[in-house]
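User: I'm new to reading protein models and I keep getting lost when I look at the whole thing at once. Could you pick one part of this one and walk me through it slowly, along with whatever sits around it?

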Amino acid sequence: MTNYANQKLDSAFYFYNRSKILSELENDSLIIVYNLVQMAVIQEVFGDYVGSEKNLIEALPYP
């Protein structure tokens, strides 16, 4: 979150993705969804609307 708060969005995206991968190993759906949404927001800021939508769609099946 520090990278996100400091506007180091490329680093923040990297760490959200790493956290998502680790959360998938632990089956922690709340953290997975949080990371996917944060990644989607960052992608939208960079103009990657397709990637942003992809991450949001990936979050839909989680309870």
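Analyst: Let's start with a word we'll need all the way through: a helix here is a DSSP run of H or I at least four residues long, and helices are numbered from the N terminus. Keep in mind, too, that this is a predicted model. With that word in hand, you can spot where one helix has ended: H3 is followed by Gly47, which has a positive phi, near 85°. A similar marker sits just after H2, where Asn27 has a positive phi of about 55°.

H2 is the part I'd like to zoom in on. It covers residues 9–26, which makes 18 residues. From first C-alpha to last it reaches 25 Å, close to the 26 Å expected at 1.5 Å a residue.

Now, which residues of H2 are buried? They are Leu9, Ala12, Tyr16, Lys20 and Ser23. Look down the axis of H2 and these buried residues fall within an arc of 80°, so they line one face of the helix. Here's the background: an α-helix has 3.6 residues a turn, so residues three or four places apart point the same way. Over on the other side of H2, Asp10 and Leu25 are exposed.

What does that buried face take part in? Part of the story is the largest nonpolar core, made of 5 residues: Leu9, Ala12, Tyr16, Met39 and Ile42. H2 and H3 are the elements that give two or more residues to this core, and H2 gives the most, with 3 residues. From the H3 side, Met39 touches Phe13, Tyr16, Asn17 and Asn55, if you skip residues up to four places away in sequence. Both Met39 and Ile42 are among the buried residues of H3.

Tyr16 deserves a second look. It is buried, with a relative accessible area of 6%, and it forms an edge-to-face aromatic pair with Tyr34, at 6.1 Å centre to centre and 75° between the planes. Tyr16 lies in H2 and Tyr34 in H3 (residues 29–45), so this pair ties together parts that are 18 residues apart in sequence. Tyr34 itself is partly exposed, at 34%.

A search of the whole structure finds 2 aromatic pairs. In the one between Tyr14 and Phe15, the ring centres are 5.0 Å apart and the planes sit at 80°, so that pair is edge-to-face. Tyr14 is partly exposed, with a relative accessible area of 45%, and Phe15 is partly exposed as well, at 48%.

Further along H2 we get to Lys20, which is buried, with a relative accessible area of 9%. Its side chain meets that of Glu24 in a salt bridge, 3.1 Å from N to O. Both residues lie in H2, 4 residues apart, or about one turn of the helix. Glu24 is partly exposed, at 31%.

Lys20 also forms a salt bridge with Glu58, where the closest N and O atoms are 3.4 Å apart. Glu58 lies in H4 and Lys20 in H2, so this pair ties together parts that are 38 residues apart in sequence. Glu58 then has a salt bridge with Lys54, at 3.8 Å. Those shared partners join Lys20, Glu24, Lys54 and Glu58 into one network. At the far end, Lys54 is exposed, with a relative accessible area of 52%.

H3 comes by Lys20 too: the C-alpha atoms of Ile31 and Lys20 are 7.0 Å apart, though the two residues are 11 apart in sequence. Setting aside neighbours within four places in sequence, Ile31 is in contact with Ser19 and Ser23.

Last, what about H4 itself? Its buried residues are Gly51, Ser52, Asn55 and Ala59. Those fall within an arc of 105° seen down the axis of H4, so they line one face of that helix. The buried residues of H4 pack against H2 and H3. One of them, Ser52, is in contact with Ala40, Gln43 and Glu44, leaving aside neighbours within four places in sequence.

Conventions: Residues numbered from 1 in each chain as written. Predicted model: local features only at pLDDT ≥ 70, side-chain atom pairs only at ≥ 80, totals over all residues. Heavy atoms only, no water. Expected span 1.5 Å × (residues − 1). Buried < 20%, exposed > 50% of the residue type's maximum accessible area, 1.4 Å probe, protein only. Arc of directions from axis to C-beta. Phe/Tyr/Trp six-rings, centres within 6.5 Å; stacked < 30°, edge-to-face > 60°. Contact = heavy atoms within 4.5 Å. Core = buried A, V, L, I, M, F, W, Y, C linked by side-chain atoms within 4.5 Å. Salt bridge = Lys/Arg side-chain N within 4 Å of Asp/Glu carboxyl O.
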